[in-house]
Amino acid sequence: MSLLRELTELVQSVFTAQGLDPSYGDVVVSQRPDLCQFQCNGALPLAKKAGKNPRELATALAAALNDDHRIALADVAGPGFLNISVEDDFLAEQSAQLTAGNHFGIEAKNQQVIVDYGGPNIAKSLHVGHLRPAVIGESVKRLYRFARYDAIGDVHLGDWGLPMGQLIAAIEDASPELPYFADGAATSEGPYPTESPVTIEDLEELYPQASARCKEDKAFAAKAQQATLALQKGHLGYRALWNHFRTLSVADMTAIYAELGVHFELWLGEASVADDMAPMIEKLVANQIAQESDGALIIDVADPKDKKELPPFMLQNSRGGYSYATSDLATIEQRVKGPAPHAIVYVTDARQSLHFQQLFRAADKAKMAPASTQLIHASHGMVTGKDNKPFKTRDGKLPRLGELVADAQKLAAAQIEENNLAEDLSETERASVIELVGLAALTYGELSNHRTTNYIFDLEKFTELKGQTGPYLQYVAVRIKSALQKAADAGLHAGTLGAATCDEERNVQLELTKLPEIVERAVAGNAPNIIAEYSYVLAATFNRFYDKCHILSEPNAETQQSWLALLETTQSIFTAILDILLIQVPEKM
RNA sequence: GCUCCCGUAGCUCAGCUGGAUAGAGCAGCGGAUUUCUAAUCCGAAGGUCGCAGGUUCAAAUCCUGCCGGGAGCGCCA
């Protein structure tokens with residue numbers, strides 16, 4: 001049980017003993033660390049409700065709390081705040097307990113969480129716009145894992161919509177002689193060439209061209225729509241060509257995502273429900289959930305209570321084609337087929353919030369998912385440049401994701417060079433440090449912001465070795481590692497984590513015991529920035545202790561062993577939460 | 001036009017399930033150093049929490065209106 005939980009139960013029992021409503025007994029971390037460690041504000045609203053004096057109420061509660069052996073001091077302050085501090089030995093015991101068992105005392109949930117992030121279109125190369133969903137999604141997935149859900153990530157490719165038809169139309173236009181376009185190719189099993197007629201580089205050029213051409217060339221746009229439809233209806237030649245796009249694209253993406261530390265358990269996409277959409281629609285029509293409107297099939301998701309009428313959810317366009325709306329709904333159906341997941345979390349741009357509002361309404365109306373499965377749109381803002389406009393390179397292009405990673409590492413290398421770090425390391429070790437530092441800079445820069453805000457992408461700031469940055473956190477982690485190594489070399493071993501001997505040490509213990517609630521809050525908000533904030537505070541708190549207490553030269557053996565235990569506990573927790581932030585710690589730096 | 005998001009220190013951002021004196025980092029100022037990695041630590045300075053009302057014992061946080069910025073609004077993802 002977490003420290004806060006235990007204190008809350010204690011205070012609640014005191015409330016009950018005095019005939020008071022225990023639901024007012026919540027204990028929270030103190031807002032005034034100069035006065036106390038924890039506080040309970042329940043006496044204020046309770047007194048108001050009961051028409052009593054809040055200070056009198058709190059005074060009686062404090063008196064009862066002071067009888068408990070775990071409480072060092074409970075007293076009343078201000079209008080009726082109940083201030084609480086705990087005994088040092090109790091705090092030490094609680095800190096030690098965090099790493100005594102497995103998984104920091106967090107219990108297995110035995111429930112699945114599907115995190116849908118990435119969502120790249122296989123017609124486009126990964127660019128700066130894919131950074132946020134990738135990093136936030138990966139972090140949210142790791143966060144759920146840390147909270148002991150069975151979390152899996154699905155890249156959920158955009159591989160079945162209009163962009164596919166645009167590519168097919170463009171290739172047909174350029175090379176009509178290819179077998180994919182031959183007479184009868186629609187129903188012919190082939191054989192088709194095993195080699196792709198285009199390279200990934202070709203695709204990256206073709207798609208923007210085709211997409212732009214659709215805007216001005218109506219005939220071409222119609223052709224692209226027809227190709228999309230034909231692909232969706234099972235055109236075998238197109239399908240063979242499409243397979244090439246997909247293979248090329250997935251290989252390319254896997255490599256780039258991997259550079260960022262982003263890995264997906266599932267590489268599904270719109271196409272993976274290709275065969276499920278028609279039957280789903282049929283069923284929805286039969287059940288009178290879907291209806292015809294202007295030649296299209298829609299689900300009316302408007303609610304009279306809405307402030308603004310919600311546009312209908314488009315299942316099938318008037319040409320008979322499907323869009324992301326259709327596949328997203330079918331994907332929900334697919335995802336709840338086994339044991340229903342606890343949640344499906346979509347990490348995408350805030351601009352899609354209307355779509356998700358409609359999707360969730362439609363899913364609800366069609367009873368696609370059980371009520372126990374939460375559908376969550378964890379939306380995120382944009383990455384902007386210093387001018388507060390969408391981030392672009394000097395020449396106005398969207399920087400590619402791989403370039404961004406390379407840039408971060410270049411700046412990290414410069415910082416390391418400038419500060420004469422990693423000097424005694426071999427070339428390969430040094431390269432590895434640069435890689436890890438660059439990555440940590442990038443992911444911490446991303447994750448330290450709340451996901452919904454637009455943030456300014458400033459690599460120079462992110463790669464600073466000081467301040468609130470990824471590299472600083474790595475530095476602290478390496479410092480702990482190094483100290484433990486030196487201790488081991490000197491034959492020193494950790495003992496029992498004992499009562500704090502000074503404020504700095506006590507503060508580290510207090511900070512460590514906040515872990516369970518921090519994780520809870522981060523999970524509740526799908527908000528890695530809460531972990532990012534905590535990791536910095538923990539690092540800074542630890543640094544103060546480390547500065548004040550010189551462990552290796554400590555003459556008192558018991559104290560020294562306790563400090564080493566604190567070091568180990570801190571290291572264990574710190575490394576684990578850095579992992580949630582996609583930060584790896586080098587051996588040395 | 002309507003809907004949603006945002007407006008907090010010079011800059012970048014936390015805090016927003018209401019609680020005491022609104023916090024960090026950066027920049028700038030002053031200090032600590034023969035380091036268990038100073039990439040650190042300590043101190044001072046820096047704020048009409050966009051504006052105006054309201055609810056409350058208590059509002060940056062909840063409600064209403066306004067101002068300013070961004071996004072979205074039926075066959076694109």
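**Notebook: strands, sheets and the surface near RNA strand B**

I looked up Ile-298 first and found that its bridge partner in strand E9 is Met-314. The model is predicted, so I noted the limits: local features need pLDDT of at least 70, side-chain atom pairs count only at pLDDT 80 or more, and totals for chains, interfaces and linings use all residues. Residues are numbered from 1 along each chain as its sequence is written, while chains are lettered from A and ligands numbered from 1 in the order in which they are written.

**Entry 1: the E7-E8-E9 sheet**

I went on from that bridge to the strands that hold it. E8 and E9 pair in the antiparallel sense over 3 bridges (pairing takes at least two DSSP bridges). The two belong to an open sheet of 3 strands in the order E7-E8-E9, with antiparallel pairing. Strand E7 (290–293) and strand E9 (313–316) each have a single partner strand, so each edge strand has one side without a neighbour in the sheet. I read an average twist of 45° from one strand to the next (axes are lines fitted to C-alpha atoms, and angles run from 0 to 180 degrees between N-to-C directions).

**Entry 2: the chain as a whole**

I then stepped back to chain A. It has 20 helices and 13 strands (DSSP runs of at least four residues for helices and at least two for strands). Along the principal axes, its C-alpha atoms fill a box of roughly 90 × 65 × 45 Å. Of the 589 residues in chain A, 44% are buried (20 or more other C-beta atoms within 10 Å of the residue's own).

**Entry 3: the E6-E5-E10-E11 sheet**

I found a second open sheet, of 4 strands in the order E6-E5-E10-E11, with parallel pairing. E6 and E11 are its edge strands, and since each has a single partner strand, one side of each is left without a neighbour in the sheet. The twist here averages 15° from one strand to the next.

I checked the pairs in turn:

- Strand E5 (residues 112–117) and strand E6 (residues 150–154) pair in the parallel sense over 5 bridges. Val-115 stands opposite Gly-153 in E6, and Val-113 has Ala-151 in E6 as its bridge partner.
- E5 runs parallel to E10 and is joined to it by 5 bridges. Ile-114 has Ile-344 in E10 as its bridge partner.
- E10 pairs with strand E11 (residues 374–377) in the parallel sense over 4 bridges. Val-345 has Ile-376 in E11 as its bridge partner.

I also traced the connection from E10 through helix H12 to E11 and noted a right-handed β-α-β crossover (with the strands pointing away from the viewer, the path from the first strand over the helix to the second runs clockwise). E5, helix H5 (residues 131–146) and E6 make a right-handed β-α-β unit as well.

**Entry 4: burial of E10**

I looked at strand E10 (residues 343–347) separately and found 5 of its 5 residues buried. Ala-343, Val-345 and Val-347 are buried on one side. Ile-344 and Tyr-346 are buried on the other, and both faces of E10 are thus covered. In a regular strand the side chains alternate between the two faces of the sheet.

**Entry 5: the E3/E4 hairpin**

I turned to strand E3 (residues 71–77), which 6 bridges join to E4 in an antiparallel run. Asp-75 has Asn-83 in E4 as its bridge partner. E3 and E4 form a hairpin with 3 residues between them. In the turn I noted Gly-78, with a positive phi of about 55°.

**Entry 6: around RNA strand B**

Which residues come nearest to RNA strand B? I counted 73 residues around it, of which Gly-158, Gly-161, Asn-317, Ser-323 and Gly-467 come nearest (near here puts the C-beta atom, placed from the backbone, within 6 Å).

I then asked which elements give two or more residues to this surface. Among the helices are H2 (43–50), H6 (162–174), H12 (353–365), H16 (470–489) and H19 (528–548). Among the strands are E4 (81–86), E8 (296–299) and E13 (455–456). H16 gives the most, with 8 residues. I marked three entries from earlier pages in this list: E4 of the hairpin, E8 of the antiparallel sheet and H12 of the E10-to-E11 crossover.

Definitions and conventions
A residue is buried if 20 or more other C-beta atoms lie within 10 Å of its own, exposed if 12 or fewer, and partly exposed in between; C-beta atoms are placed from the backbone.
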